[in-house]
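Work through these exercises with the model open beside you. Try each task before reading its solution.

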Amino acid sequence: MSAQTPLPSAKDVRELVEGLIGRDVQVTTGGAMLDPKDGDGTLVGVFVDNRHALSALVLLDLPLAAYIGAALGLVPVRVAADAVTEGVLPPALSENAGEVLNVMASLFNAEGAPHVRLDVLYEPRHPVPADVATWVLAYVRRTDLDVEVAGYGAGRFSLLVL
C-alpha cells in the first residue's frame with residue numbers, strides 16, 4: 001500500500017512561496033476557510049494524481065492571488081492594489097499566481113505517495129464544478145492560513161488534501 005499524499009505545513013508553504021517570489025512571507029495558522037462563492041472569489045487550483053483522481057485543492061483569495069502574482073512578476077504594488085480594489089484579477093497576475101500553484105504540487109509529492117500535479121485553475125468569480133465545490137468547506141486534512149507578502153499585502157489561503 002502506498003503512502004497517502006502529505007499535508008504540507010504552514011512552514012513548507014511559506015518557504016516555497018518565499019523562495020519563488022523572493023520576498024518575505026508571513027503566515028498565521030488558523031485562518032478562515034475560503035469559499036469561492038464569497039466576496040470577489042478565489043483562485044482555485046485542482047490537483048490530481050496519475051489516475052486523474054482529485055487529490056488536493058489550493059485556494060487563494062483574490063487579494064493574495066494578486067499580491068503573489070505581482071510579486072512573482074515584479075509588478076508594481078499599485079497594479080495589485082488596483083486589482084484588489086476593482087475585485088478583478090488581471091490575466092498576467094492570474095498566470096503568475098497559477099505558476100506558484102503549479103510549483104506547489106511539489107509539496108504533495110513524497111516518497112511512496114501518489115504523484116500529484118496541478119490539473120486545472122478556476123479563476124475568481126468563475127463557477128467551480130460541483131465535484132470540486134463539495135470539498136471546499138469540508139473538514140478534511142487542511143491548512144487555512146492568513147498570508148502577508150512583504151511590500152504588497154495580505155490575503156487568505158486554504159490547502160486541502162483529499
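A residue counts as buried under 20% relative accessible area, as exposed over 50%, and as partly exposed in between. Keep in mind that the model is predicted.

**Exercise 1. Classify both partners of the salt bridge between Asp 40 and Arg 125, and locate them in the chain.**

Step 1. Find the contact. The closest N and O atoms of Asp 40 and Arg 125 are 2.4 Å apart.

Step 2. Place the residues. Asp 40 sits in the loop between strand 1 (25-29) and strand 2 (42-49). Arg 125 sits in the loop between strand 4 (116-122) and helix 5 (130-136). The two are 85 residues apart, so the pair links distant parts of the chain.

Step 3. Apply the cut-offs. Arg 125 has 52% relative accessibility, so it is exposed. Asp 40 has a relative accessible area of 29%, so it is partly exposed.

**Exercise 2. Do the same for the salt bridges Asp 49 to Arg 51 and Asp 119 to Arg 117.**

Step 1. Start with the total. The count of salt bridges in the model is 6.

Step 2. Take Asp 49 and Arg 51. Their side chains meet at 3.3 Å, N to O. Asp 49 has a relative accessible area of 6%, so it is buried. Arg 51 reaches 69%, so it is exposed.

Step 3. Take Asp 119 and Arg 117. Their closest N and O atoms are 3.4 Å apart. Asp 119 is partly exposed at 32%. Arg 117 is partly exposed at 34%.

**Exercise 3. Describe helix 2, from its N-terminal cap to the residue with positive phi that follows.**

Step 1. Look at the start. Asp 61 caps the N-terminal end of helix 2. One of its side-chain oxygens lies 2.9 Å from the backbone nitrogen of Leu 64.

Step 2. Check the cover. Of the 11 residues in helix 2, 9 are buried, so the helix is mostly covered. Among the buried ones are Leu 62, Tyr 67, Ile 68 and Gly 69.

Step 3. Move past the end. Leu 74 follows helix 2 with a positive phi, near 55°. Leu 74 lies in the loop between helix 2 and helix 3 (77-86). At 73% relative accessible area, Leu 74 is exposed.

Step 4. Put that angle in context. Most residues other than glycine have a negative phi.

Step 5. Find another case. His 52 has a positive phi of about 65° although it is not a glycine. His 52 belongs to the loop between strand 2 and strand 3 (54-61). Its relative accessible area is 47%, so His 52 is partly exposed.

**Exercise 4. Trace the largest nonpolar core and list the contacts of Val 58.**

Step 1. Recall the trend. In soluble globular proteins, nonpolar side chains tend to be buried together.

Step 2. Size the core. The largest nonpolar core has 40 residues. Those with the most contacts inside it are Val 17, Phe 47, Val 58, Leu 60, Met 104 and Phe 157.

Step 3. Ask which element gives the largest share. Helix 2 (residues 62-72) does, with 8 residues.

Step 4. Zoom in on Val 58. Not counting residues up to four places away in sequence, Val 58 touches Leu 43, Val 44, Gly 45, Phe 47, Leu 101, Met 104, Phe 108, Phe 157, Ser 158 and Leu 159.

Step 5. Look beyond this core. Apart from it lies another core, of 10 residues. Among its members are Val 44, Leu 59, Tyr 122 and Val 132.

Key:
Residues are numbered from 1 along each chain as its sequence is written. This is a predicted model: local features need pLDDT of at least 70, side-chain atom pairs count only at pLDDT 80 or more; totals for chains, interfaces and linings use all residues. Side-chain values use heavy atoms; hydrogens and water are left out. A nonpolar core is a set of buried Ala, Val, Leu, Ile, Met, Phe, Trp, Tyr and Cys residues joined through side-chain atoms within 4.5 Å. Buried means under 20% relative accessible area, exposed over 50%, partly exposed in between (1.4 Å probe, protein chains only). Helices (H or I, at least four residues) and strands (E, at least two) are DSSP runs, numbered from the N terminus. Contact means heavy atoms within 4.5 Å. A salt bridge is a side-chain nitrogen of Lys or Arg within 4 Å of a carboxyl oxygen of Asp or Glu. A polar contact is a pair of N or O atoms within 3.5 Å; within protein, one must be able to donate a hydrogen and the other to accept it, and residues adjacent in sequence count only if both atoms are side-chain atoms.
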